[in-house]
Each structure stands twice: as structure tokens, then as C-alpha cells.
Amino acid sequence: MGKLSLNGEKPAAASPPSASPEADAAAAVLEKLYAAASEADKSAQISELLGIVQTAGASAFSTLKLVEHLSAGMSASPKQVNKLAGALAATKAVIEHAGPAGEPWVLQLLPKIMDCAGQKDNSVSKAARELADQIFHRGVRPQAFRYPLNEGAVPVCTTVRASAMMLTTGLLLCAQAAAAAVVRRDGA
């Protein structure tokens with residue numbers, strides 16, 4: 001808050017708190033990843049991001065605002081294939097790097113991952129399905145539901161219910177497609 005002066009000037013507005021330099025660096029690396037054209041460039045940016053995550057330690061998801069940045073990347077327009085694919089690749093790398101400590105934050109990203117699985121672009125939908133498969137195959141420990149999450153986050157139970165509904169719908173559609181293929185094969 002600014003000080004009042006005796007000569008009638010208005011106080012200066014309080015400046016907004018700036019993000020940490022690490023969070024700014026992580027956001028910059030993600031933007032470079034989204035713009036990268038070659039696989040070598042993407043790998044280099046992911047390695048740089050993992051270095052920043054390693055430096056931040058266990059609090060990386062909250063201090064670097066990774067969930068917000070990755071979620072925003074996965075919310076890109078379907079025409080921004082590089083951004084969607086980059087966000088999914090970064091999410092996969094960070095999840096593998098974080099291990100069980102990242103599980104509460106993984107739950108927040110599941111709806112976005114499932115949305116990406118429904119994209120028209122085959123490379124994006126395949127990457128999202130593989131990432132979701134990896135998360136569900138590895139499983140999320142029950143303790144992940146007990147960890148406190150950052151303020152303003154969607155409650156974990158809501159996220160899990162929404163993800164379970166999307167997964168069930170996807171599995172139902174796959175089962176219907178497989179049954180139709182069997183009918184076509186046997187009927188032909």
C-alpha cells in the first residue's frame with residue numbers, strides 16, 4: 001500500500017506480486033516446447049523442464065504452477081496440434097519424474113487428458129490415450145486423495161467421477177466398435 005503525502009498526491013497503486021523466477025522459467029520452457037518443430041527440440045525442452053522440476057523439489061507442482069500451465073496447454077484449440085502434443089508430452093515426462101508424489105496433481109489433469117483423447121488429430125488422441133492408459137495402468141494410490149491440493153482446485157472426488165464417466169463412455173464406444181467389427185467380419 002502506498003503512503004499518503006502531505007501535498008495531496010494519490011498513493012501509488014500496490015504492484016501485483018510477481019511469480020517466482022522458477023515459475024516464469026517453467027512457463028517459458030513450455031512455450032518453447034509448444035513451438036518446437038523437431039523431436040530433438042522437444043526432447044531438449046522436456047529435459048530442461050525436468051531440470052527445473054528437479055530443482056523445485058517436491059513442491060514443484062504448486063510453486064511452478066505446473067497444473068495450470070499444462071492444463072492451459074491441453075485446452076488449446078484443436079488446430080494447435082503442437083501445443084496439445086507438447087502439453088501431453090510434458091505431462092507424461094513430469095508424471096514419470098514425480099512418481100507417487102505427483103499423484104494428487106495427476107488427478108486434476110485427468111479431465112484435460114481425457115478431452116485430448118477425443119481430439120480429431122490422431123497423434124494427439126493417441127498420445128492422450130497412452131498417457132491415460134499409463135496413469136490407470138500404474139494406478140493411483142488411495143493416499144493421493146488425502147493430500148491437500150492448491151486452493152481453487154476442483155475437488156478430487158469430482159475430478160475422479162468426471163474422469164471415470166469419460167473413461168466408461170470411451171470404453172463403451174470401443175466395445176461397440178469392436179462388436180460392429182466382429183459382426184461385419186462374421187457377416188461378410
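Visitor: Where does lysine 65 lie?
Guide: In this predicted model, lysine 65 sits in the loop that joins α3 and α4.

Visitor: Why does lysine 65 count as partly exposed?
Guide: Its relative accessibility is 41%. Buried would need a value under 20%, and exposed a value over 50%. Lysine 65, at 41%, falls between the two cut-offs and therefore counts as partly exposed.

Visitor: What is noted about the phi of lysine 65?
Guide: The phi of lysine 65 is positive, at about 55 degrees, although the residue is not a glycine.

Visitor: Turning to α4, why is serine 71 called buried?
Guide: Serine 71 belongs to helix α4. Its relative accessible area is 19%. The cut-off for buried is under 20%, so serine 71, with 19%, is buried.

Visitor: Which residues does serine 71 touch, apart from those up to four places away in sequence?
Guide: They are Leu66, Leu109 and Lys112.

Visitor: What makes isoleucine 113 count as buried?
Guide: Isoleucine 113 is part of helix α6, which covers residues 103-117. Its relative accessibility is 0%. Set against the limit of under 20%, that value makes isoleucine 113 buried.

Visitor: How many residues separate isoleucine 113 and serine 71 along the chain, and what is the distance between their C-alpha atoms?
Guide: They are 42 residues apart in the chain, and their C-alpha atoms are separated by 8.6 Å.

Visitor: Which residues does isoleucine 113 touch beyond four places in sequence?
Guide: The contacts of isoleucine 113 are Met74, Thr91, Ala128, Leu131, Ala132 and Ile135.

Visitor: Which residues touch the most other members of the largest nonpolar core?
Guide: That core holds 37 residues, and those with the most contacts to other members are Leu49, Leu66, Leu70, Met74 and Ile113. Two or more core residues come from each of α1, α2 (39-56), α3 (60-63), α4 (66-74), α5, α6 and α7 (122-138). The most come from α6, which gives 8 residues.

Visitor: Why are α4 and α6 called roughly parallel?
Guide: The angle between them is about 5 degrees, and their axes are 9 Å apart. Roughly parallel applies to angles under 35 degrees. At about 5 degrees, α4 and α6 therefore qualify as roughly parallel.

Visitor: Which residues of α4 and α6 meet?
Guide: From α4 there are Val67, Leu70, Ser71 and Met74, and from α6 there are Trp105, Gln108, Leu109, Lys112, Ile113 and Cys116. By class, this contact has 7 nonpolar, 2 polar and 1 charged residues.

Visitor: How do you know that α1 is roughly antiparallel to α2?
Guide: α1 and α2 pack at about 165 degrees, with 9 Å between their axes. Angles over 145 degrees count as roughly antiparallel. The angle of about 165 degrees is over that limit, so α1 is roughly antiparallel to α2.

Visitor: Which residues form the contact of α1 with α2?
Guide: Glu22, Ala25, Ala26, Val29, Leu30, Lys32 and Leu33 in α1 meet Lys42, Gln45, Ile46, Glu48, Leu49 and Ile52 in α2. Sorted by class, there are 8 nonpolar, 1 polar and 4 charged residues in this contact.

Visitor: Is the crossing of α1 and α2 left-handed or right-handed?
Guide: α1 passes α2 in a left-handed crossing.

Visitor: Why is α1 called oblique to α5?
Guide: Helix α1 (residues 21-35) and helix α5 (residues 81-98) pack at about 125 degrees, with axes 8 Å apart. Roughly perpendicular covers 65 to 115 degrees, and roughly antiparallel starts over 145. An angle of about 125 degrees fits neither range, so α1 is oblique to α5.

Visitor: What is the handedness of the crossing of α1 and α5, and which residues make the contact?
Guide: The crossing of α1 and α5 is right-handed. Leu30, Glu31, Leu33 and Tyr34 of α1 contact Asn82, Lys83, Gly86, Ala87 and Ala90 of α5. This contact of α1 with α5 has 5 nonpolar, 2 polar and 2 charged residues.

Visitor: How many helices and strands does the protein have?
Guide: There are 8 helices and 0 strands.

Visitor: What share of the residues in the protein is buried?
Guide: Of the 188 residues, 30% are buried.

Key. Residues are numbered from 1 along each chain as its sequence is written. This is a predicted model: local features need pLDDT of at least 70, side-chain atom pairs count only at pLDDT 80 or more; totals for chains, interfaces and linings use all residues. Side-chain values use heavy atoms; hydrogens and water are left out. Axes are lines fitted to C-alpha atoms, for helices over the stretch in contact, and angles run from 0 to 180 degrees between N-to-C directions. Helices (H or I, at least four residues) and strands (E, at least two) are DSSP runs, numbered from the N terminus. A crossing is left-handed if the near helix is turned anticlockwise from the far one by less than a right angle, and right-handed if clockwise. Contact means heavy atoms within 4.5 Å. Ala, Val, Leu, Ile, Met, Phe, Trp, Tyr, Cys and Pro count as nonpolar, Asp, Glu, Lys and Arg as charged, and the others, Gly among them, as polar. Buried means under 20% relative accessible area, exposed over 50%, partly exposed in between (1.4 Å probe, protein chains only). A nonpolar core is a set of buried Ala, Val, Leu, Ile, Met, Phe, Trp, Tyr and Cys residues joined through side-chain atoms within 4.5 Å.
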